[in-house]
Amino acid sequence: MSFQQQFKCVLPNGIHARPASLLESVCNPYYCDISLHNLRNGNVGNAKSMLSLVGTDTLLNDEFVLMFEGEDSQTAMLALTQFMNERFPYCDDDITPVEVQRSVPIPQSLSRHQPFLLRGKSLVNGIAKGKLVASSEADLSLFLNCSSDQGKPSFQQVHKAVVAELEAEKLQASGKESEILAAHLSILQDREFLEYIEEQLVHQPIAHAILAALESFKAMLERSNSQYLRERVLDIKDVALRLLVNAYPNVNIEQQSQLSEATILLASELTPSQFLALDKRYLKGLVLSDAGSTSHTVILARAFDIPTLVNVDYELCHAELNSEVYLDCLLGVVAIKADDNVSVYFERALKLQQQQKQRFSEYTDKLAMTTDGHEVEIAANIACSIEVAPAIKGGAQGVGLFRTEMLFMDRSEAPSEQCQYQEYREALIAAQGKPVIIRTMDIGGDKPLDYLNLPKETNPFLGYRAVRIYPQFLELFHSQLRAILRAACHGAAKIMIPMVHNVEEIRWVKQQISLVEKQLKEAGLEYNNSVPLGIMVEVPATVFIIDKLAHEVEFFSIGSNDMTQYLLAVDRDNDAVSSLYNSLSPAFLRMLGQITLVAKQYGRWVGMCGELAADPKILPLLVGAGLDELSMSSPNIAKTKQQIAGLSFIECEALYQQACECSTRAEIEKLLSDAESEKTALPLLDEACVFTQLDVINKEEAIQALVGNIGVLGRSQNALLLEEDIWAREEIFSTGLGNGFAIPHTKSDNIEHSTISIAHLDHAINWHSDSGDVDFIIMLTLNKAHSDQHMQIFSKLARKLIHEDFRGQLKAATEPSKIITILQNELFSS
Ligand code: PEP
Ligand code: MG
């Protein structure tokens with residue numbers, strides 16, 4: 001019996017992974033053979049195989065026929081026709097391209113040297129230098145010489161041996177590594193993949209058959225619209241290589257994977273396991289031509305603090321292999337063919353980065369304590385267990401947000417309970433008794449998963465996501481809860497539920513926890529029955545019932561990313577309204593105080609785990625609003641602790657009250673900048689800004705060094721823009737005064753603490769001024785609020801420098817303190 005039915009593909013991205021797997025799952029229960037015939041390109045695919053369906057390359061508006069052959073083909077055809085008409089058109093989401101970060105302007109101290117820069121998007125910050133090395137790819141073409149299989153084991157034997165090898169490795173592995181090995185095992189056992197090889201074996205040796213299968217599946221996947229499937233090419237290659245190496249152990253395909261000197265690694269793609277295998281002593285930076293900010297490799301790079309740039313032109317970069325390059329993820333560039341001047345810029349930038357790290361590291365192990373003794377806990381946001389140890393080392397007092405949905409993404413099926421248990425357990429052990437807040441999966445809506453087949457939504461942020469999908473995917477939720485409760489025997493775990501908006505939801509969650517506790521008890525498994533439960537406060541409705549919620553849960557953590565968009569009704573991903581997406585509104589600030597006030601009355605603590613928690617500008621208001629904990633990505637931790645150490649809690653509280661009384665965002669911004677400039681903590685003259693023997697080779701380096709130092713000292717939050725302000729003044733007229741002196745100066749919004757920097761140079765440099773070379777620089781960088789002071793100091797200084805004895809005194813001084821005394825006496829004593 002055979003039937004057929006014609007359809008038209010209405011999916012905007014064609015039949016890629018998600019619709020294909022849905023179609024496959026609908027076809028699978030029937031006994032008959034079902035195939036898809038694409039009428040545009042003639043491709044035919046087995047409708048019971050996801051890989052095969054994707055291979056038909058069925059795109060939007062393609063006509064195709066489903067053919068049914070076998071005993072229940074009529075029933076299958078009727079069911080499939082109904083499915084195709086009713087469900088299939090709505091089973092997909094649009095795929096949005098990666099948005100490229102706005103690039104930071106290149107500072108003039110670099111751009112004036114006309115550097116060769118390749119632009120990219122920074123995903124992990126930092127500056128690095130090293131030899132550009134390509135991530136080694138095995139040369140599979142070497143196996144093409146293996147033209148005979150005489151005396152060789154059969155393909156079946158080779159296949160069996162590789163399955164055994166992978167299974168053995170998987171037993172030894174844990175976490176991410178184990179997941180990757182599982183994925184490779186499933187490719188190795190894929191019916192279509194094996195059938196293809198078997199067919200080729202009829203007329204080709206094993207090597208050729210495997211390589212042909214690799215090429216065929218590679219071509220098919222690369223055509224796919226699914227990023228997920230395209231990324232699987234590398235996995236198929238890994239599997240093919242294992243088979244080839246096993247079949248031909250004598251072929252020498254030595255992969256150069258050992259790093260032996262400071263390296264910037266270039267790769268078109270890099271799998272997490274490849275990243276983990278690299279020697280981190282020598283890995284200084286990563287340049288990837290293609291990777292998303294949520295890719296596991298990038299998450300690992302962030303955890304290991306390896307500066308990472310993506311979306312870089314691979315070919316241009318590849319042409320520079322084996323040469324030394326600089327990677328600057330602050331500017332979002334790779335500098336190639338650096339000449340002496342360009343190298344000088346980057347060497348100075350590296351030195352400044354080192355000094356900055358050194359300064360922050362003083363705060364790593366300290367508590368975040370205000371000058372008047374108020375403590376705020378600083379925790380880390382993580383997405384996988386491997387991030388915990390570096391976060392704790394970087395000063396985290398715990399994990400404030402473990403985004404577990406990352407475990408569920410980039411895979412074809414949900415992780416097992418055991419796999420999750422291991423992941424949570426590893427995180428808890430690495431936290432060494434410090435609290436780890438594990439947020440249950442925040443998936444659905446804008447974070448869809450292929451394998452859940454959730455319906456397409458017109459308004460996903462207000463839709464079917466997080467706690468709202470748990471009742472439908474109950475077993476998935478239960479397995480996550482069981483994994484957390486079991487892992488909680490190994491550390492201080494807490495559970496946090498996302499997107500809760502009423503009491504009913506949290507009561508339901510508590511029932512489910514009781515239920516899985518019962519299951520665990522019955523199964524005789526060890527678990528912790530007193531894991532604290534909290535919720536994300538990210539839906540405005542919760543703010544008005546914090547008192548009721550406080551009876552149900554033990555803690556609250558404000559998700560400022562979502563809360564801002566819901567409170568202000570501004571889509572966080574919509575460029576058209578991005579200027580409205582700002583938490584510095586009186587409404588948002590008043591809301592914070594409302595939450596902390598009520599939560600405290602009920603003895604509950606309140607944290608914040610959205611991006612806002614690491615915003616230095618808003619920090620005084622967060623402290624003043626009474627937040628108990630701030631959770632952020634780990635590179636921000638020591639810096640935030642340092643900033644808190646310079647704040648007074650009483651002043652923050654007063655500032656917060658004033659901000660809540662402001663009517664507009666502009667008023668709040670003014671209030672903050674006035675408060676910042678009123679801070680008299682840092683004097684205009686400071687020994688840390690005086691250099692008695694500065695070794696610089698040109699004007700650019702001198703300005704870079706002095707302004708960079710201001711950034712390192714925290715006197716400016718944006719030294720790169722401050723430098724631009726200095727150069728803007730230099731462009732109008734050069735600030736060389738003659739007799740070896742120069743007074744570069746600016747009044748700027750980009751300096752919080754007005755500063756006079758002084759540098760007596762090792763040797764004179766060309767200042768590009770009619771007044772000759774310069775060996776003594778006095779740089780004035782004054783905040784706009786002190787603009788009257790600016791001209792006073794400048795003219796007084798210029799007048800004094802006419803006198804030879806004053807110049808002589810300054811040049812003779814060998815100690816910073818002496819220079820400060822001279823300037824103090826001459827400029828500020830009446
Ligand atoms: C938030 O909404 O602020 C938050 C931390 O959750 P996510 O960014 O993962 O939605
Ligand atoms: Mg959120």
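Me: A helix here is a DSSP run of H or I with at least four residues, and a strand is a run of E with at least two. How many helices and strands does the protein have on that basis?

Reply: The model is a predicted one. Its secondary structure comes to 31 helices and 27 strands.

Me: How do you know whether the radius of gyration agrees with that of a compact globule?

Reply: The globule rule is 2.2 Å times the number of residues to the power 0.38. For 830 residues this gives a value near 28 Å, and the protein has 31 Å, so the two agree. Along the principal axes, the C-alpha trace spans about 105 × 70 × 50 Å.

Me: What share of the residues of the protein count as buried?

Reply: A residue is called buried when its relative accessible area is under 20%. Of the 830 residues, 54% count as buried. The accessible surface of the protein comes to about 35900 Å², and 49% of this belongs to carbon and sulfur atoms.

Me: What makes Glu538 and Asp562 ligands of the magnesium ion (ligand 2)?

Reply: A donor is an N, O or S atom within 2.8 Å of the metal. Glu538 (OE) and Asp562 (OD) coordinate the magnesium ion at 2.1 to 2.2 Å, so they satisfy that cut-off. Glutamate 538 belongs to the loop between strand E18 (533-537) and helix H20 (546-552), and aspartate 562 to helix H21 (residues 560-568); the pair therefore ties together parts that are 24 residues apart in sequence. Water is not among the atoms, so the site may look incomplete.

Me: Are glutamate 538 and aspartate 562 buried or exposed?

Reply: The limit for buried is under 20% relative accessible area. Glutamate 538 has 2% and therefore counts as buried. Aspartate 562, with 4%, is buried as well.

Me: Why is lysine 131 called partly exposed?

Reply: Partly exposed is the class between buried, under 20%, and exposed, over 50%. Lysine 131 has 25% relative accessibility, so it counts as partly exposed. This residue is found in strand E7 (residues 127-134).

Me: Which residues is lysine 131 in contact with, leaving aside its neighbours within four places in sequence?

Reply: Contact requires heavy atoms within 4.5 Å. Beyond those neighbours, lysine 131 is in contact with Glu261, Ala262, Thr263, Ile264, Asn322, Ser323 and Glu324. Lysine 131 and isoleucine 264 are 133 residues apart in sequence, yet their C-alpha atoms are 5.8 Å apart.

Me: What makes strand E1 (2-8) and E3 edge strands?

Reply: Two strands pair if DSSP finds at least two bridges between them. The open sheet has the order E1-E4-E2-E3, with antiparallel pairing. Each of E1 and E3 has a single partner strand, so one side of each is left without a neighbour in the sheet. From one strand to the next, the twist averages 20°.

Me: How do you know that E1 and E4 pair?

Reply: The requirement is at least two bridges. E1 and E4 are joined in the antiparallel sense over seven bridges, with lysine 8 opposite glutamate 63 in E4. Six bridges join E2 to strand E4 (residues 63-69), and three join E2 to strand E3 (residues 44-46). In the hairpin of E2 and E3, five residues stand between the strands, and glycine 42 takes a positive phi near 80°.

Me: Why is strand E2 (residues 33-38) called mostly covered?

Reply: Five of the six residues of E2 are buried, each of these five having a relative accessible area under 20%. Helix H3 (residues 73-86) lies across E1, E2 and E4, at about 10° to E1.

Me: Which strands are the edge strands of the eight-stranded sheet?

Reply: This open sheet follows the order E5-E12-E11-E7-E8-E9-E10-E6, with mixed pairing. Its edge strands are strand E5 (116-119) and strand E6 (121-124), as each pairs on one side only. The twist here averages 30° from one strand to the next. E5 pairs with strand E12 (residues 333-336) in the antiparallel sense over four bridges, and leucine 117 has alanine 335 as its bridge partner in E12.

Notes:
Residues numbered from 1 in each chain as written. Chains lettered and ligands numbered in written order. Predicted model: local features only at pLDDT ≥ 70, side-chain atom pairs only at ≥ 80, totals over all residues. Heavy atoms only, no water. Donors = N, O, S within 2.8 Å, 3.2 Å for Na, K, Ca; no water. Buried < 20%, exposed > 50% of the residue type's maximum accessible area, 1.4 Å probe, protein only. Axes fitted to C-alpha atoms, helices over the stretch in contact; angles between N-to-C directions. Areas by Shrake-Rupley, 256 points an atom, 1.4 Å probe, with all protein chains shown as cover.
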